[in-house]
Amino acid sequence: MADTRGVFSIKLVSKIDAKGGWVDLNDVWISPSPSGYAPNTGYFGGGIPGPKSTMDKLTYSTDTTVYTPGANLSASRYALAATGNSTAGYFGGGKNPSVPATYSTMDKLTYSTDTTVFTPGANLSSSGFSFAATGNSEAGYFGGGYAPTVASKMDKVTYSSDTTATVPGANLSAARYALAATGNSTAGYFGGGYTVSTMDKLTYSTDTTAAVPGAFLTVARHSMGATGNSEAGYFGGGNQYLSTMDKLTYSSDTTAYTPGANLSVARRDLAATGNSDAGYFGGGFAIAIFSTMDKLTYSSDTTVYTPGANLSSSRYNLAASSARANALPILSPAPASPAVRFSDGTPGTPPAPTPTSTSSVPNTGYFGGGSSGAPATYHSTMDKVTYSSDTTAYTPGANLSLARAHLAATGSSTAGYFGGGTYPTLSTMDKVTYSSDTTVAVPGANLIAARYSLAATGNSSAGYFGGGGYPTVSTMDKLTYSSDTTAAVPGANLSATRYNFAATGNSSAGYFGGGVPGPKSTMDKLTYSSDTTVAVPGAALSVARNRLAATGNSIAGYFGGGRDPTVSTMDKVTYSTDTTAAVPGANLIAARYSLAATGNSSAGYFGGGTPGITSLMEKVTYSTDTTVAVPGANLSAARRYLAASSARANAMPETNIV
């Protein structure tokens, strides 16, 4: 027998415990364990002309839709309703005049296999059409409609048993049809209907429904689509061929017209579903019949036409479901008896495990654009810095779409965005995809107004481009990465107009420092959760200056160089205290300005600049607050007024999660 003594020693236990290597005993659970991630897809079924049994599958990660015949409905029909949980969608009711028939039929679409089967035990309590449906992870609710006359009835589909029963306490406050519904994990909201703006709230824990006047739609309408996430529901389109989008905020039970989220085309009889980030509104009818798919990005309340996601055929009076709509859990529980806690046998729900990291984000930085010479020559050049080897290479496939200088850049863990600049003054936004080292212009993400000498930073979901000239502005534009769209966010405007400044930040806030007119030492803090900006005097730069550069990690930001006068000064902004201090050990080797900076979690890279127009690259090591020249990482050509981005700057996560 092998000698295993000492393998599990007290010394080893102490080391593992110190590193947080143990799971708390109360977090240990016995089967069932979570079974997997809910598919990140949506399904659009049925409709007319036809009627149709067609089922289209929309993949959210690529914004593409394909016809999925194995998931077709068991009978062709329209004016049906749909909802579901993390594993299956339920499509109920509808009509088909060519039979003629109205249906109580319930079809169950299993997402993992893209197959649909008639599930008679879950049939609605009576035949009908023009219902609305929503639900949570345990049950779906089908309310209103013609069943067989205009109804207030509410049917509850219990997913665990695939059975349906009428729940009179949950009946709508008034009979109506052609309404829409969405909700979160605790309540469903049924809005509108023929000639009304009424919003009813169904509380799942008690199966009771009541009208909530503060949440009424802003205009009476019917035949719309609705979807949402954990925080809000969105009701779009409707009769009279509307593009109107109303946003229902669940925490306050209030509804407001949200014009930035209006549909791209006014229409009625459409369907909607989505995930936690975005809602998708597909199909519909106005003068024409549409296959149009609009994508509503929740973080910015903006909607864009997304042609790659168009339905496979034009149709209306269809229905939609998704494993990730209505605040459904992304992690699907296993279909078995409740889990029990190992320590005491108590039944309950174990904590969701941390999703597995699937890949590391690129450990590289990109320095783009700039100018050299007198008179100035403008560059589209893109250089790629590999941090692990401190080397830089010219990467022509990633060159900017237009040669320009005085631009700004930031990005996500997958792409960098280079915006604005001159010459001439531009609003252009270029997107550099890191995985392929390719750059394309993305017009939908263009700045709201052309400007240059601005500054940019952001987090994993959005970038913020602030200030600039000319004329000098305090404007803040927010670029939502998931939709490649930009919108002005006035509440985030800088505390004063300025240009020729720098910005960096972490996952919760961005810091904008220095600039002119002045020069300025001002530091503004932009809080991402509220899109608001305030000056933070305690974080002001130690020396007023402009044309500086900045980067940082999750703990601190580093603002280096600048002019008026020309300096090598490095200031460190500590985020936890909103204070700034000069760190002389991290000063640049050479005093310069009009440079660019980016980096990863351990070091920042400051490249290019003037006077002398240089290709110099310097590396600031955060753990020691020291700076050294890294000649192997020098730019491929000397230039100034350039910009830089990285997948690992600004406290970006260093792994991608699926």
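## Exercises on a predicted chain

Asp-531 counts as buried, because its relative accessibility is 15%. The model is predicted. Keep that in mind in each exercise.

### Exercise 1: A residue with positive phi

Task: Find where Asp-531 sits and describe its phi angle.

Solution.
- Step 1. Place the residue. Asp-531 lies in the loop between strand S48 (523-527) and strand S49 (532-535).
- Step 2. Read the backbone angle. Phi is near 50°. That is a positive value, and Asp-531 is not a glycine.
- Step 3. Check the cover. Buried means under 20% relative accessible area. Asp-531 has 15%, so it counts as buried.

Now repeat the steps for Ala-79. It lies in the loop between strand S5 (64-67) and strand S6 (81-84). Its phi is positive, about 55°, although Ala-79 is not a glycine. Its relative accessibility is 5%, so Ala-79 is buried.

### Exercise 2: The whole chain

Task: Describe the chain by its secondary structure, its burial and its contacts.

Solution.
- Step 1. Take the secondary structure. The chain has 1 helix and 59 strands.
- Step 2. Take the burial. The chain has 658 residues, and 55% of them count as buried.
- Step 3. Take the surface. The accessible surface is about 24600 Å². Carbon and sulfur atoms hold 56% of it.
- Step 4. Take the contacts between residues at least 6 apart in sequence. Of these, 54% join residues at least 24 apart.

### Exercise 3: Tyr-43 and its surroundings

Task: Is Tyr-43 buried or exposed, and which side chain makes a polar contact with its side chain?

Solution.
- Step 1. Place the residue. Tyr-43 is in strand S3 (residues 41-45).
- Step 2. Check the cover. Tyr-43 is buried, because its relative accessible area is 0%.
- Step 3. List some contacts beyond four places in sequence. They include Met-55, Phe-91, Leu-109, Tyr-111, Asp-114 and Ala-320.
- Step 4. Find the polar contact. The side chain of Tyr-43 meets the side chain of Asp-114 at 2.5 Å.
- Step 5. Look along the chain. Ala-271 is 228 residues from Tyr-43 in sequence, yet their C-alpha atoms are 10.0 Å apart.

### Exercise 4: Two asparagines in loops

Task: For Asn-229 and Asn-262, find which backbone nitrogen lies 3.1 Å from a polar side-chain atom.

Solution.
- Step 1. Start with Asn-229. It lies in the loop between strand S20 (225-228) and strand S21 (232-236). It counts as buried because its relative accessibility is 9%.
- Step 2. Find its partner. The backbone nitrogen of Glu-231 lies 3.1 Å from a polar atom of the Asn-229 side chain.
- Step 3. Add contacts farther along the sequence. Among them are Gly-183, Tyr-250, Ser-276 and Tyr-298.
- Step 4. Turn to Asn-262. It is in the loop between strand S23 (254-257) and strand S24 (271-274). Its relative accessible area is 17%, so it is buried.
- Step 5. Find its partner. The backbone nitrogen of Met-245 is 3.1 Å from a polar atom of the Asn-262 side chain. Met-245 is also one of the residues that Asn-262 touches, along with Ser-243, Thr-244, Tyr-257 and Thr-303.

### Exercise 5: The core and Phe-131

Task: How many residues does the largest nonpolar core have, and what does Phe-131 touch?

Solution.
- Step 1. Count the core. The largest nonpolar core has 13 residues.
- Step 2. Name residues with the most contacts inside it. They include Ala-81, Tyr-90, Leu-124 and Phe-131.
- Step 3. Follow Phe-131. It touches Ala-79, Ala-81, Leu-124, Ala-147 and Leu-179, among others. Several glycines are on the list too, including Gly-92, Gly-93 and Gly-94.
- Step 4. Recall a general tendency. In soluble globular proteins, nonpolar side chains tend to be buried together.

### Exercise 6: Cis bonds and a cavity

Task: Locate the cis peptide bonds before Pro-148 and Pro-611, then describe the largest cavity.

Solution.
- Step 1. Ala-147 and Pro-148 are joined by a cis peptide bond, with omega about -5°. Pro-148 is in the loop between strand S13 (139-143) and strand S14 (154-158).
- Step 2. Thr-610 and Pro-611 are also joined by a cis bond, with omega about 15°. Pro-611 lies in the loop between strand S55 (603-607) and strand S56 (617-621).
- Step 3. Search for cavities. There are 2 of 30 Å³ or more. The largest holds about 450 Å³.
- Step 4. Describe the lining. It has 35 residues. Those nearest the centre are Leu-407, Ala-408, Phe-501, Leu-595 and Leu-642.
- Step 5. Name strands that each supply at least two lining residues. Among them are strand S38 (408-411), strand S46 (502-505) and strand S58 (643-646).

Definitions and conventions: Residues are numbered from 1 along each chain as its sequence is written. This is a predicted model: local features need pLDDT of at least 70, side-chain atom pairs count only at pLDDT 80 or more; totals for chains, interfaces and linings use all residues. Side-chain values use heavy atoms; hydrogens and water are left out. Helices (H or I, at least four residues) and strands (E, at least two) are DSSP runs, numbered from the N terminus. Buried means under 20% relative accessible area, exposed over 50%, partly exposed in between (1.4 Å probe, protein chains only). A polar contact is a pair of N or O atoms within 3.5 Å; within protein, one must be able to donate a hydrogen and the other to accept it, and residues adjacent in sequence count only if both atoms are side-chain atoms. Contact means heavy atoms within 4.5 Å. A nonpolar core is a set of buried Ala, Val, Leu, Ile, Met, Phe, Trp, Tyr and Cys residues joined through side-chain atoms within 4.5 Å. Accessible areas come from the Shrake-Rupley method with a 1.4 Å probe; for residues, only the protein chains shown count as cover. On a 1 Å grid over the protein atoms alone, a cavity is a set of points where a 1.4 Å probe fits but cannot get out, and a pocket is an open set with protein on both sides within 12 Å along at least five of seven lines; lining residues have an atom within 4 Å of a point. Grid points are joined across faces, edges and corners, and a volume is the space filled by probe spheres set on the points.
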